[in-house]
Amino acid sequence: MDTTRHIEVCALLRRAENAARGAVNGDQAAARTTLALVTDARQRAGDTGPGICAHPNCTNELHYVGRGRRPLYCSADCRTETYQATQMAARALIKTPQSATA
């Protein structure tokens with residue numbers, strides 16, 4: 001994230017924190033403002049929520065628990081199938097006979 005976007009996100013989160021304090025005291029408008037500010041901060045930070053599995057034939061959503069790298073595949077099966085397909089394609093490129101120039 002670049003510096004300008006980081007500053008914008010931090011400013012939005014500070015405003016959301018202040019609005020959240022009002023929401024804790026029962027202010028419904030502050031609760032709506034908090035939600036809008038946090039959503040805007042997430043979008044500016046580039047957090048688009050759950051993604052889609054990287055397997056070409058899979059449309060499952062990815063579930064991220066907030067630790068480590070974000071997953072690329074929804075399951076080990078999708079990851080394995082994609083790996084095997086790329087390996088087979090690479091082997092096919094390597095084994096393609098070069099046309100002989102005699």
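Here is a walk through the structure, from the overall fold down to a few individual residues.

Keep in mind that this is a predicted model. Averaged over the chain, pLDDT comes to 78, and 85% of the residues reach at least 70. That confidence isn't spread evenly: H3 has the highest mean, at 87, while H2 has the lowest, at 75.

The fold itself is quick to describe. You'll find three helices and zero strands, so if you trace the chain along its sequence you read α-α-α. Of the 102 residues, 15% are buried. The accessible surface adds up to about 8300 Å², and carbon and sulfur atoms own 54% of that. As for how the chain meets itself, take the contacts with a separation of 6 or more: 25% of them link residues 24 or more positions apart.

Now for the inside. In soluble globular proteins, nonpolar side chains tend to be buried together. Here, the largest nonpolar core is made of five residues, namely Val 9, Leu 12, Ala 16, Leu 37 and Ala 41. Two helices, H1 (3-24) and H2 (28-45), each put in at least two of these residues, with H1 giving the largest share, three. Zoom in on Ala 16 and, once residues up to four places away in sequence are set aside, you'll see it touching Thr 34, Leu 37 and Val 38. Leu 37 is itself one of the core residues.

Next, hop over to H3, which covers residues 76-95 and includes Thr 82. Is Thr 82 buried or exposed? Its relative accessibility is 14%, and the cut-off for buried is under 20%, so Thr 82 counts as buried. Ignoring neighbours within four places in sequence, the residues in contact with Thr 82 are His 55, Pro 56 and Tyr 73.

Finally, the cysteines. How many disulfides does the structure hold? The count is zero. For Cys 53, the nearest cysteine sulfur is that of Cys 74, 3.8 Å away. For Cys 74, the nearest is the sulfur of Cys 58, at 3.6 Å. A disulfide here requires sulfur atoms within 2.5 Å, which is why neither of those pairs counts as one. The surroundings of Cys 53 and Cys 74 also deserve a look. Cys 53 has 6% relative accessibility, so Cys 53 counts as buried. Cys 74, at 29%, counts as partly exposed because that value falls between the 20% and 50% cut-offs.

Notes. Residues are numbered from 1 along each chain as its sequence is written. This is a predicted model: local features need pLDDT of at least 70, side-chain atom pairs count only at pLDDT 80 or more; totals for chains, interfaces and linings use all residues. Side-chain values use heavy atoms; hydrogens and water are left out. A nonpolar core is a set of buried Ala, Val, Leu, Ile, Met, Phe, Trp, Tyr and Cys residues joined through side-chain atoms within 4.5 Å. Buried means under 20% relative accessible area, exposed over 50%, partly exposed in between (1.4 Å probe, protein chains only). Helices (H or I, at least four residues) and strands (E, at least two) are DSSP runs, numbered from the N terminus. Contact means heavy atoms within 4.5 Å. pLDDT is the predictor's confidence in each residue, from 0 to 100. Accessible areas come from the Shrake-Rupley method with a 1.4 Å probe; for residues, only the protein chains shown count as cover.
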